Amino acid sequence: MKPGIIIYKSIYGATEAYAKMLALRTGYDLLPVKEAGDVPLEEYEHILYGGGVYAGQIIGIEYLKRHWNVLEGKKVLVFAVGASAFSPAVYDALREKNLRGRLENLPLCYCRGRWNVEKMTWMDRLLCRRMEKTAVSDPSTDPWQAALREAAGRAMDWVDEKELGPILMILGFDAPAAAKEAASPEE
Ligand SMILES: Cc1cc2nc3c(=O)[nH]c(=O)nc-3n(C[C@H](O)[C@H](O)[C@H](O)COP(=O)(O)O)c2cc1C
């Protein structure tokens, strides 16, 4: 049995960056979801799925549903990568929208990604500039609106290895030092 595989879908590179960092730390295999169709998942002990968050959806997560007959009973973990800062509300909304039915009990982790309107496709650029404008002129406490305000008019890159702490801890690996300190501040 191989120890694990990380399968991911990333449009602007943040999920891919996290997936690569995870692969380095764990030694697990790594594949973009578009190349993972024929992977013998039954040969792996841990299966990680990572996807960017677009309009609240973890992209590509259908892969897990399509392969559920092999995945049932295995150690499967999902990580989502979005621009919003982590909060319980962000986490709950992601669970609610993406981990339904058979996926309901899977562990979910969240990492903060990146935002650069200049590097987006013209369609995304149009949409995201409009969303930034709305967020700036109509401030709300919603974390997604707050992220849009924070990023409005500039590029943001929140990708940080420390964000992987919870995932590595769940998998039984040493977390990056700063994440360990945050988890046990009394030490
Ligand atoms: C059209 C669009 C919609 C997005 N929707 C959300 C969202 O609902 N929530 C969020 O936190 N981030 C959202 N984002 C930000 C992305 O999740 C963020 O850029 C992340 O880094 C994407 O992962 P990737 O770089 O691996 O593609 C959106 C970005 C775009 C371009």
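# Exercises on a predicted two-domain model

Of the 23 residues around the ligand, those that come nearest are S10, T15, G52, G82 and G113. Here a residue is near a molecule if its C-beta atom, placed from the backbone, lies within 6 Å of it. The elements giving two or more residues to this shell are α1 (14-26), β3 (44-54), β5 (75-82), β7 (114-115) and α5 (122-137). Helices (H or I, at least four residues) and strands (E, at least two) are DSSP runs, numbered from the N terminus.

The model is predicted: local features need pLDDT of at least 70, side-chain atom pairs count only at pLDDT 80 or more, and totals for chains, interfaces and linings use all residues. Residues are numbered from 1 along each chain as its sequence is written.

## Exercise 1: the ligand shell and the domains

Task: state how the residues of the shell around the ligand divide by character, and explain why the ligand lies between the domains.

Solution.

1. Sort the shell by residue class: 13 are nonpolar, eight polar and two charged. Ala, Val, Leu, Ile, Met, Phe, Trp, Tyr, Cys and Pro count as nonpolar, Asp, Glu, Lys and Arg as charged, and the others, Gly among them, as polar.
2. Divide the chain into domain 1 (2-113 + 158-180) and domain 2 (115-156); these bounds come from an automatic or database domain assignment.
3. Take the centres over C-alpha atoms: domain 1 and domain 2 are separated by 24 Å.
4. List the contact between the domains, which takes eight residues from domain 1 and eight residues from domain 2. Two residues are in contact if their C-beta atoms, placed from the backbone, lie within 7 Å.
5. Classify the side of domain 1 that touches domain 2: six residues are nonpolar, two polar and no charged.
6. Return to the ligand: domain 1 and domain 2 both give residues to its shell, so the ligand lies between them.

## Exercise 2: strand β5 and its partners

Task: find which strands pair with β5, and describe the surroundings of F79.

Solution.

1. Check the cover of β5: six of its eight residues are buried. A residue is buried if 20 or more other C-beta atoms lie within 10 Å of its own, exposed if 12 or fewer, and partly exposed in between, with C-beta atoms placed from the backbone.
2. Pair β5 with β3: the two run parallel over seven bridges. Two strands pair if DSSP finds at least two bridges between them. Y49 has V78 in β5 as its bridge partner.
3. Pair β5 with strand β6 (residues 108-112): this pairing is parallel too, over five bridges. V78 has L108 in β6 as its bridge partner.
4. Follow the chain from β5 through helix α4 (residues 88-98) to β6; this β-α-β crossover is right-handed. That is, with the strands pointing away from the viewer, the path from the first strand over the helix to the second runs clockwise.
5. Locate F79 in strand β5. F79 counts as buried because it has 25 C-beta neighbours inside 10 Å.
6. List its contacts, leaving out residues up to four places away in sequence: F79 touches Y18, L48, G50, C109, C111 and I167.

## Exercise 3: strand β1

Task: trace the pairing of strand β1 (residues 2-9).

Solution.

1. Check its cover: six of the eight residues of β1 are buried.
2. Pair β1 with β3, which run parallel and are joined by seven bridges; K9 stands opposite G51 in β3.
3. Pair β1 with strand β2 (residues 29-32), in the parallel sense over four bridges; the partner of I7 in β2 is L31.
4. Trace the chain from β1 through α1 to β2: this β-α-β crossover is also right-handed.

## Exercise 4: two loop residues

Task: decide whether A55 is buried or exposed, and do the same for E72.

Solution.

1. Place A55 in the loop between β3 and β4 (57-58). Its phi is positive, about 50 degrees, although A55 is not a glycine.
2. Count for A55: 8 other C-beta atoms lie within 10 Å, so A55 is exposed.
3. Place E72 in the loop between α3 (68-71) and β5.
4. Count for E72: 9 other C-beta atoms lie within 10 Å, so E72 is exposed.
5. Compare E72 with L103: they are 31 residues apart in sequence and 9.4 Å apart in space, C-alpha to C-alpha.
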